[in-house]
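Visitor: I would like a close look at a single part of this model, please. Could you take me through one helix and the surface around it?

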Amino acid sequence: MADAANRLEKQALERKEKLKALKAKKAEQKDDAEKEAEGPKKALKFRSYMPMDESLKEKRLPKAKPESVEELVTDQIEAAKNPVLEDVNLANLAPRKIDWDLKRDISKKLEKLERRTQKAIVDLLRDKYKHDDDDDSLAAAVESVGSNLVDGGSKSDLN
C-alpha cells in the first residue's frame with residue numbers, strides 16, 4: 001500500500017510540474033501577443049495642428065509649398081498646338097445607324113418578300129387583263145414579263 005501511495009504522489013507531482021510548464025508557456029505566448037499587438041509605435045505628425053506643448057512642437061511638419069506647374073502647362077499647350085491625328089478616317093468615326101443590325105438580320109426575308117410581292121402584282125395584272133379581252137397583245141406582254149420575274153428577273157425588267 002505504501003507503494004501505491006508513493007506512486008500516486010509521484011504522479012500528482014508530475015501533473016503539477018506539467019501544469020506549471022503550461023502556465024509558463026501560456027504567459028510567454030501572451031506576452032509575445034501583446035508585444036505584436038502593440039507593434040511599432042506610430043510617430044506623431046502634425047500637418048495643420050499647432051500643438052501648445054513644446055515637446056510636441058518638434059513633431060510638427062513644415063508647411064507644404066505648392067509645386068510650380070507652369071512648365072507642365074506650357075508643355076501641354078505646345079503639344080496641343082501640334083496636330084497629333086492627321087490620318088483620321090471620318091467614315092470610321094461616324095456612328096452606325098440605330099437599326100443597322102435589324103436591316104442586316106432581315107435582309108434575306110425582305111428579298112424573299114419582294115419576289116413574292118412582284119409575283120403577286122404580275123398575277124393581279126394578268127387576271128385583270130385576261131378579263132379584259134380587248135387587247136390580247138397586252139396580256140401576252142404582261143405574261144412574258146411575269147414569267148421573266150418568276151424565273152429570276154429583277155425590277156429593272158419591268159421598265
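Guide: What follows is a look at helix α3 and the nonpolar patch to which one of its residues belongs. The model is predicted, so local features need pLDDT of at least 70 and side-chain atom pairs count only at pLDDT 80 or more, while totals for chains, interfaces and linings use all residues. Residues are numbered from 1 along each chain as its sequence is written, and side-chain values use heavy atoms, with hydrogens and water left out.

Helix α3 covers residues 70–81, where a helix is a DSSP run of H or I with at least four residues, numbered from the N terminus. With twelve residues, α3 reaches 17 Å from its first C-alpha to its last, close to the 16 Å expected at 1.5 Å a residue, the expected span being 1.5 Å times one less than the number of residues.

The helix lies largely in the open, because the number of buried residues among its twelve is zero; buried means under 20% relative accessible area, exposed over 50%, and partly exposed in between, with a 1.4 Å probe and protein chains only. One residue of α3 is V73, which counts as partly exposed because its relative accessibility is 41%.

V73 joins V69, L72 and I77 in a nonpolar surface patch of about 350 Å². Such a patch is made of residues with over 30% relative accessible area and no salt bridge (a side-chain nitrogen of Lys or Arg within 4 Å of a carboxyl oxygen of Asp or Glu), with nonpolar side chains (Val, Leu, Ile, Met, Phe, Trp, Tyr) joined within 5 Å and like charges within 9 Å. The accessible areas come from the Shrake-Rupley method with a 1.4 Å probe, and for residues only the protein chains shown count as cover.

Methods. Helix = DSSP H or I, 4+ residues; strand = E, 2+ residues; numbered from the N terminus.
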